[in-house]
Amino acid sequence: MRIRLGVIFALVFRFCLTGSGTASVSAAARATTGGEGIAGWTAEAEASLAEQANAAWVAKDWERSAKLYEELSKEKDAPPRVWLRLGASLRALGKYDQALATFQKATEIGAGPFAEYGKASTYNGMKQTEKAFTALEASVKQGFTDLALLSTDPNLQELHADPRFAKLVEQVKRNTRPCAYAKENRQLDFWLGEWDVSTTQGGVPAGTSKIELILEDCVVQENWQSLGSPYTGKSYNIYDAALKRWEQYWVDSTGGNIFFHGELAQDGVMDYWTDDIPQSGGPSLRRHLQFIPIGTDKVQQFSRGSTDGGKTWNVEYDFTYVRKAKSGS
């Protein structure tokens with residue numbers, strides 16, 4: 001599972017470090033020993049170095065924060081967040097050259113867009129606008145996603161009037177919601193909406209379905225409800241950029257599940273297939289499922305099955321989706 005870069009950035013750069021567990025244990029120890037305890041507990045002594053550094057960071061005590069994170073940076077395999085926070089503390093103190101060197105170290109150990117962002121804010125503090133934009137562009141190109149920080153960070157305020165900044169903001173929006181902008185991810189959008197579903201032959205009502213975008217427009221989710229039956233189902237459809245194909249995973253209220261894969265054909269039809277699926281008491285079954293757009297308000301869903309490896313096919317179902325009239329129309 002791919003973790004969003006913006007979430008990582010929030011955890012390592014803007015939000016507090018973890019470590020509350022140690023403080024809770026220490027508090028319990030104080031209570032057990034009647035306050036100070038036999039060892040003479042003090043807040044300074046009981047907190048780990050990382051907790052002290054985090055407390056200084058949260059309090060924006062930059063002198064202390066820089067000192068403590070510098071100590072943490074001397075530890076073997078100090079993580080990127082240590083170098084990022086040390087760099088930001090030095091930048092806040094106006095120690096720009098030291099901050100740049102620290103952010104460079106963060107780059108070398110894999111901090112990527114976060115380190116470049118730190119360099120950009122540092123260069124801007126040094127009134128080196130071109131270098132600030134170069135670093136900021138590198139950060140965005142590497143996948144920076146924290147739009148709120150980019151838009152409100154006082155360390156970049158002077159850059160807002162430059163037309164290049166607006167372009168970077170737009171690119172961060174794309175980084176945050178890549179599926180919303182990728183043309184491949186939008187190939188099944190003709191199926192979005194609320195539908196009344198009937199058999200294509202005879203027009204017998206079969207059910208209703210609501211097709212919607214979820215997870216930042218990356219997934220086309222189907223919500224099926226049969227007519228006159230408790231049977232329900234959902235499918236999750238997504239374009240796999242690595243395999244360059246569409247995939248659907250169907251699940252239902254009887255425990256059934258089917259996995260399809262396919263692509264959008266040149267005629268605009270979404271072609272899905274399964275592999276040969278073993279069946280209890282019979283030969284393996286291969287399925288071919290098609291979504292066929294018919295204008296803007298009608299979609300045909302046509303499913304066939306083959307038990308001889310695709311030599312012959314039998315119709316499993318043939319439905320027509322008709323878009324429900326909008327309320328008030």
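These questions and answers walk through a predicted model.

Residue numbers start from 1 along each chain as its sequence is written. Because the model is predicted, local features need pLDDT of at least 70 and side-chain atom pairs count only at pLDDT 80 or more, while totals for chains, interfaces and linings use all residues, and side-chain values use heavy atoms, leaving out hydrogens and water.

Reader: Over which residues is the pLDDT below 50?
Author: Start with pLDDT itself, the predictor's confidence in each residue, from 0 to 100. The protein chain averages 88, and 85% of the residues score at least 70. Where pLDDT is low, the predicted coordinates should not be read in detail. The stretch you're asking about has 56 contacts (heavy atoms within 4.5 Å) beyond near neighbours in sequence, and it covers residues 1–43.

Reader: At what angle do helix 5 and helix 6 pack?
Author: Helices here are DSSP runs of H or I with at least four residues, strands are E runs of at least two, and both are numbered from the N terminus. Helix 5 spans residues 62–73 and helix 6 spans residues 80–92, with axes 8 Å apart. Axes are lines fitted to C-alpha atoms, for helices over the stretch in contact, and angles run from 0 to 180 degrees between N-to-C directions. On that scale, the two pack at about 150°.

Reader: How many residues of that helix 5 and helix 6 contact are nonpolar?
Author: Helix 5 brings in residues including W62, Y69 and L72, and helix 6 offers V82, W83 and L86 among them. Nonpolar covers Ala, Val, Leu, Ile, Met, Phe, Trp, Tyr, Cys and Pro; Asp, Glu, Lys and Arg are charged, and the others, Gly among them, are polar. With three polar and two charged residues in the contact, the nonpolar count is nine.

Reader: Which residue of strand 2 stands opposite E194?
Author: Strand 1 (residues 193–199) pairs with strand 2 in the antiparallel sense over six bridges; pairing takes at least two DSSP bridges between strands. Strand 1 also runs antiparallel to strand 11 (residues 314–323), joined by five bridges, and there W195 partners R323. Back in strand 2, the residue opposite E194 is K210.

Reader: Is L215 buried or exposed?
Author: L215 sits in the loop between strand 2 (205–214) and strand 3 (219–226), and its phi is near 55°, positive in a residue other than glycine. D217 lies in the loop between those strands too, with a positive phi near 70°. Buried means under 20% relative accessible area, exposed over 50%, and partly exposed in between (1.4 Å probe, protein chains only). At a relative accessible area of 60%, L215 is exposed.
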